[in-house]
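Reader: I've got this model open and I'd like a close look at one part of it, the helix that sits among the strands. Could you walk me through that helix, what comes right after it, and how it fits in with its surroundings?

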Amino acid sequence: MATRAAAATLTAATSSLLRRSASLRPHGLRVPCRVPPQRFVRHIASSTNEEAAARAAAATADTGGPTIFDKIIAKEIPSTVVYEDDKVLAFRDINPQAPVHVLVIPKVRDGLTGLDKAEPRHVEILGQLLCAAKVVAEKEGLANGYRVVINNGPEGCQSVYHLHLHVLGGRQMKWPAG
């Protein structure tokens with residue numbers, strides 16, 4: 001038993017060493033890498049871009065001008081609508097972070113640029129947004145689970161100051177989320 005455990009440890013250490021040092025590999029031996037390095041670099045760059053976009057959006061958050069979501073509601077910008085009722089619109093995210101990534105937004109902003117701006121008068125629309133998220137998940141076949149996310153403020157990477165929920169699914173979610 002101890003011999004088997006020692007062999008497994010030696011194999012893992014050797015494999016790790018070979019992956020990290022091309023000069024130690026015998027000619028022609030390819031050791032698969034679990035996560036391609038360029039993917040990690042792309043994630044860091046993407047994360048940095050999202051953080052920069054969130055900071056830039058926060059600078060103009062309370063100007064009252066129309067957001068990209070206001071333009072989608074007005075049909076000035078096309079979107080792929082998944083669900084719509086008189087108060088809520090749900091459409092596919094143009095930069096999906098999962099096989100299913102749908103944004104759920106209130107049709108009227110009413111000062112609700114972020115969750116931190118919620119007041120007692122917003123209770124009804126907040127509930128409607130969550131119910132719409134459930135309907136979207138059902139329509140998208142996410143019976144095995146999904147995640148609902150609200151980004152709030154620059155440190156929460158909120159890039160559009162019109163409250164919105166992200167419905168993510170179609171793959172195994174990881175924890176911690178951020």
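Author: Let's start at the tail end: just after α4, Gly 141 takes a positive phi of about 75°. Keep in mind that this is a predicted model.

Now back up into the helix itself. α4 covers residues 123-139, which is 17 residues. From the first C-alpha to the last, α4 reaches 25 Å, close to the 24 Å expected at 1.5 Å a residue.

So which residues of α4 are buried? They are Ile 125, Leu 129, Ala 132, Ala 133, Val 136 and Ala 137. These cover an arc of only 140° around the axis, which puts them on the same side of α4. Turn to the other side of α4 and you'll find Val 123, Glu 124, Leu 130, Cys 131 and Glu 138, which are exposed.

What does the buried side pack against? The buried residues of α4 pack against β1 (81-84), β2 (88-92), β3 (100-106), β4 (146-149) and β5 (165-169). For the bigger picture, the protein has four helices and five strands, and along the sequence they follow the pattern α-α-α-β-β-β-α-β-β.

That packing shows up again in the nonpolar cores. The largest one has 18 residues, and those with the most contacts inside it are Val 88, Val 102, Val 104, Leu 129, Val 136 and Val 167. β1, β2, β3, α4 and β5 each supply at least two residues of this core, and α4 gives the most, with six residues. Apart from this core lies another, of seven residues, among them Phe 69, Leu 89, Leu 103 and Val 160.

Val 102 is a handy place to see the helix and strands come together. Leaving aside neighbours within four places in sequence, Val 102 is in contact with Val 136, and also with Val 82, Ala 90, Phe 91, Arg 92, Asp 93, Leu 165, His 166 and Val 167.

One more residue to click on in α4 is Gln 128. Is Gln 128 buried or partly exposed? With a relative accessibility of 24%, Gln 128 counts as partly exposed, because the buried label needs a value under 20%. Once neighbours within four places in sequence are set aside, Gln 128 is in contact with Lys 87 and Val 88. Gln 128 and Lys 87 are 41 residues apart in sequence, yet their C-alphas are 7.9 Å apart in space.

Since you work at the bench, you'll probably want the annotated residue too. UniProt lists His 164 for "active site", in an unreviewed entry. His 164 is found in the loop between β4 and β5, and His 164 is buried, with a relative accessible area of 5%. The side chain of His 164 reaches the backbone oxygen of His 162 at 2.8 Å. Leaving out neighbours within four places in sequence, His 164 is in contact with Phe 69, Leu 103, Val 104, Ile 105, Val 149 and Ile 150. Two of those names have come up together already: Phe 69 and Leu 103 are among the residues of the seven-residue core. Val 104, for its part, is one of the residues with the most contacts inside the 18-residue core.

Zooming out to finish, buried residues make up 29% of the 178 residues in the protein. Among contacts with a separation of 6 or more, 56% come from residues 24 or more positions apart.

Conventions: Residues numbered from 1 in each chain as written. Predicted model: local features only at pLDDT ≥ 70, side-chain atom pairs only at ≥ 80, totals over all residues. Heavy atoms only, no water. Expected span 1.5 Å × (residues − 1). Buried < 20%, exposed > 50% of the residue type's maximum accessible area, 1.4 Å probe, protein only. Arc of directions from axis to C-beta. Contact = heavy atoms within 4.5 Å. UniProt positions renumbered as here; feature names shortened; annotations may be inferred. Polar contact = N/O pair within 3.5 Å; in protein donor to acceptor, adjacent residues only side chain to side chain. Core = buried A, V, L, I, M, F, W, Y, C linked by side-chain atoms within 4.5 Å.
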